[in-house]
Amino acid sequence: MRIEKFHVRDFRSLRDSGEVPLDPSLTLLLGKNENGKTNLLRALALLDRDKTFDPDEDMCRYSPVRAQLDAGQVDPATVAIVSAWFTLEGDESSLFSTMHKDFEDIEAIAVTKYLDNHYEFEVDHVTFGADAHREPEEEPDATPNLLEDAETSLSRFVELIHAS
């Protein structure tokens with residue numbers, strides 16, 4: 001899997017990154033000090049299943065959503081924080097066919113993590129959810145773990161950024 005683009009909303013100092021496309025061969029993250037570069041990488045790293053959002057720590061203090069959350073007007077399960085779109089490479093798409101016959105020819109998958117730490121996945125414009133804290137169900141050996149593949153791709157991306 002290769003990350004194609006991402007979108008971060010209401011995270012720490014970042015109000016809305018918009019959709020940020022990534023070049024397949026080189027991506028640079030440039031900006032003045034204290035302008036959110038590290039927070040952008042932190043948000044991407046939080047796609048990891050083992051990491052969770054802390055609303056008190058991670059919600060953007062400039063966001064109107066923060067005040068709405070504090071007033072109980074917004075459900076954390078409706079607040080998307082980070083989304084990433086991935087392109088499947090090589091035979092990765094054939095692995096998805098073991099999950100469902102309609103997934104046989106997919107080329108891309110989108111993953112969104114919400115403030116309450118649940119995930120939603122989109123495959124060919126069909127959205128389905130996953131609970132971040134649910135114990136994994138028994139899976140056949142051939143069934144890929146979508147989150148682990150996404151996390152691996154993000155981990156590689158974050159490592160490359162830190163290495164440069």
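Lysine 5, with a relative accessible area of 25%, counts as partly exposed (buried means under 20% relative accessible area, exposed over 50%, and partly exposed in between, with a 1.4 Å probe and protein chains only). The model is a predicted one, in which local features need a pLDDT of at least 70 and side-chain atom pairs count only at pLDDT 80 or more, whereas totals for chains, interfaces and linings use all residues. Residues are numbered from 1 along each chain as its sequence is written, and side-chain values use heavy atoms, with hydrogens and water left out.

Lysine 5 forms a salt bridge with glutamate 19, and the closest N and O atoms of the two are 2.9 Å apart (a salt bridge is a side-chain nitrogen of Lys or Arg within 4 Å of a carboxyl oxygen of Asp or Glu). Because lysine 5 lies in strand E1 and glutamate 19 in the loop between strand E2 (14-16) and E3, the pair ties together parts that are 14 residues apart in sequence. Helices (H or I, at least four residues) and strands (E, at least two) are DSSP runs, numbered from the N terminus. Glutamate 19 is itself partly exposed, at 47% relative accessibility.

The structure holds five salt bridges. In one of them, arginine 12 is joined to aspartate 58, with 3.0 Å between the closest N and O atoms. Arginine 12 lies in the loop between E1 and E2 and aspartate 58 in helix H2, so this pair ties together parts that are 46 residues apart in sequence. The two partners are covered to unlike degrees, since arginine 12 is partly exposed at 22%, whereas aspartate 58 is buried at 6%. Arg2, Glu4 and Glu89 are joined into one network by salt bridges that share partners. Within this group, the side chains of glutamate 4 and arginine 2 meet at 2.4 Å, N to O; glutamate 4 is partly exposed at 26% relative accessibility, and arginine 2 is partly exposed at 22%.

For the protein as a whole, there are five helices and seven strands, which run from the N terminus in the order β-β-β-α-α-α-β-α-β-β-β-α. Of its 164 residues, 40% count as buried. Among contacts with a separation of 6 or more, 60% are made by residues 24 or more positions apart, where contact means heavy atoms within 4.5 Å. The accessible surface comes to about 9900 Å², and 47% of this belongs to carbon and sulfur atoms; the areas come from the Shrake-Rupley method with a 1.4 Å probe, and for residues only the protein chains shown count as cover.

Aromatic rings were also examined. A pair of aromatic rings is described by the distance of the centres and the angle of the planes. Rings of Phe, Tyr and Trp (its six-membered ring) pair if their centres lie within 6.5 Å, and planes under 30 degrees apart count as stacked, over 60 as edge-to-face and the rest as tilted. By this rule there are two aromatic pairs. Phenylalanine 11 and phenylalanine 53 form an edge-to-face pair, at 6.2 Å centre to centre and with 65° between the planes. This pair links distant parts of the chain, with phenylalanine 11 in strand E1 (residues 2-11) and phenylalanine 53 in the loop between H1 and helix H2 (55-58), 42 residues apart. Both phenylalanine 11 and phenylalanine 53 are buried. The rings of tyrosine 119 and phenylalanine 121 have centres 6.3 Å apart and planes at 20°, so they form a stacked pair. Tyrosine 119 is buried at 0% relative accessibility, and phenylalanine 121 is buried at 4%.

Two residues outside the regular elements have a positive phi although neither is a glycine: glutamate 34 at about 65° and asparagine 117 at about 75°. Glutamate 34 lies in the loop between strand E3 (20-21) and helix H1 (37-45) and is exposed at 78%. Asparagine 117, in contrast, is buried at 7% and is found in the loop between strand E5 (108-114) and strand E6 (119-123). Histidine 118 lies in the loop between E5 and E6 and is buried at 16%.
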